[in-house]
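This report walks through one protein structure, taking the metal site, the sheets, the nonpolar cores and the charged pairs in turn. Please keep the sequence and the structure in view while reading.

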Amino acid sequence: MTRVHGIHHITAIGGAPQENLDFYVGVLGLRLVKKSINQDAPDTYHFFFADAEGHPGTDLTFFPWPDMGPGRLGAGVWGEVGFVVPPGSLTWWEEHLRRAGITVGEREVRFGEPVLPFVDPHGMGLSLTETHTYPSFAFTPWEQSSVPAEHQIRALGSVALTVHDESATVDFLGGSFGFTFAGEDTGRRRYVVGDGAGGQRVDITVDPKIHSGAWGVGSVHHVAFRVPDGTAQQTVEEQVLAHRGRSSGVIDRFWFASIYVREPSGALCEVATDGPGFGVDEDMAHLGETLVLPPWYEEHRAKIEAHLTPITLPTPTPAEASR
Ligand code: ZN
């Protein structure tokens, strides 16, 4: 079979766009690598936050939809999004987040690694995990980040899912994407691809009584898994069809090509190609500075820009970076 290589990106629903930017760029120190619109709701933004070069595996994207109302964690909706950070970083991060007024949870140990759970300003559950098993893919520190390079987020690490009964979900993740069981700890059953490094982990919790989840502000919209190219994507799609019988077919997202499928409990999955990447339509030195539109919307640019909430990119604070 063809296995996915790990998480490609995760897309979530955020609140007010400026607050979303201020937190993910200003506090978490990620780079806004693409400022675009939701292709199905062109009067709203689509923000892409990542490392300096927008490598697959580092990218958390948002639909800032403040009018939607809060999401509800539960079955059928992806849960906590985990990032990986270098060993020894959590003390710095804990202070940094508290100083920014962020709700930080108690430190935990999961699968032998220190984890700091916290919640973003719009209610989304996040965590930072210190790990020695770095993802095998590329990471480029962002020089203008508000976070010093030695502490910067390296990549997406894991994503959580709570289900009533894991058998169908596990069959799907195994048969379609190649995930295998790696162990259980703190109530989490970890499924991995590759060597189970950061970015190659899905943590499933079984709770027969949990209510159904619902999309809203602060919830994950979908999780995209990586394939190197369209050939691998086609094979994975055939594996998906063999297990679920449904796929969206290939959709061109310009920076990558995607298919979408729901796993059996209802959580939305995407399979995205590594290329061509965020440099395909912008100078890498100026990623995210101008609004990028799909070609068919270009003739409506003035109208679209007039309907979008004005935003200002947080300016890096060298004082913060030097601390
Ligand atoms: Zn996506």
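In this predicted model, the zinc ion has three kinds of named protein donor atom around it, namely NE2 of His-9, NE2 of His-222 and OE of Glu-270, which lie 1.9 to 2.1 Å from the ion. Written as a sequence pattern, the spacing of these donor residues is H-x212-H-x47-E. His-9 belongs to strand β1 (residues 7–14) and Glu-270 to strand β17 (residues 268–273), so this pair ties together parts of the chain that are 261 residues apart in sequence. His-9 is buried, with a relative accessible area of 2%, and Glu-270, at 0% relative accessibility, also counts as buried.

**The sheet around the site**

Strands β1 and β17 both take part in an open sheet of eight strands with mixed pairing, in which the order is β2-β3-β4-β1-β14-β17-β16-β15. The edges are formed by β2 (31–38) and β15 (251–252), each of which has a single partner strand, so that one side of each is left without a neighbour in the sheet. Further in, β1 runs antiparallel to strand β14 (residues 220–227), and five bridges join the two; within this pairing, Ala-12 stands opposite Val-220 of β14. Helix α3 packs on the sheet, where it touches β14, β16 (257–262) and β17, and its direction makes about 15° with that of β17.

**The β11, β12 and β13 strands**

A separate set of pairings centres on β12. Strand β11 (residues 180–185) and β12 run antiparallel and are joined by five bridges, and together they form a hairpin with two residues between them, where Thr-186 in the turn has a positive phi of about 45°. Across this hairpin, Glu-184 stands opposite Arg-189 in β12. β12 also pairs with strand β13 (residues 201–206), again in the antiparallel sense and over four bridges, and here Arg-190 has Asp-203 of β13 as its bridge partner. Four of the five residues of β12 are buried, so this strand is largely enclosed by the rest of the structure.

**Nonpolar cores**

Where do the residues of the largest nonpolar core with the most contacts inside it lie in the sequence? They are Tyr-24, Leu-28, Trp-78, Trp-93, Leu-97, Phe-177 and Phe-225, in a core that has 66 residues. Helix α1 (residues 17–27) supplies the largest share of this core, which amounts to five residues. Another core, of 11 residues, lies apart from it and includes Val-33, Phe-48, Phe-256 and Val-292. In soluble globular proteins, nonpolar side chains tend to be buried together.

Phe-177 shows how widely separated stretches of the chain are brought into contact: leaving aside its neighbours within four places in sequence, its contacts include Met-1, Val-4, Phe-172, Val-193, Phe-225, Val-240, Val-261, Cys-269 and Val-271.

**Salt bridges**

The count of salt bridges comes to 13, and three of the pairs are set out below.

| Pair | Closest N to O distance |
|---|---|
| Glu-94 and Arg-107 | 3.2 Å |
| Glu-166 and Arg-189 | 2.7 Å |
| Arg-301 and Glu-305 | 3.0 Å |

Glu-94 lies in helix α2 (residues 90–99), whereas Arg-107 lies in the loop between β6 (103–104) and β7 (108–110), so their salt bridge ties together parts that are 13 residues apart in sequence. Of these two residues, Glu-94 is buried, with a relative accessible area of 18%, while Arg-107, at 38% relative accessibility, counts as partly exposed.

Glu-166 is found in the loop between β10 (155–163) and α3 (167–177), and Arg-189 in strand β12 (residues 188–192), so this pair ties together parts that are 23 residues apart in sequence. Glu-166 counts as buried, at 13% relative accessibility.

Arg-301 and Glu-305, by contrast, lie four residues apart in helix α5 (residues 301–307) and are therefore separated by about one helical turn. Both are partly exposed, Arg-301 at 23% relative accessibility and Glu-305 with a relative accessible area of 39%. Beyond these pairs, Lys-34, Asp-281 and Glu-282 are linked in a network of salt bridges.

Technical notes: Residues numbered from 1 in each chain as written. Predicted model: local features only at pLDDT ≥ 70, side-chain atom pairs only at ≥ 80, totals over all residues. Heavy atoms only, no water. Core = buried A, V, L, I, M, F, W, Y, C linked by side-chain atoms within 4.5 Å. Buried < 20%, exposed > 50% of the residue type's maximum accessible area, 1.4 Å probe, protein only. Contact = heavy atoms within 4.5 Å. Salt bridge = Lys/Arg side-chain N within 4 Å of Asp/Glu carboxyl O. Donors = N, O, S within 2.8 Å, 3.2 Å for Na, K, Ca; no water. Pairing = 2+ DSSP bridges. Axes fitted to C-alpha atoms, helices over the stretch in contact; angles between N-to-C directions.
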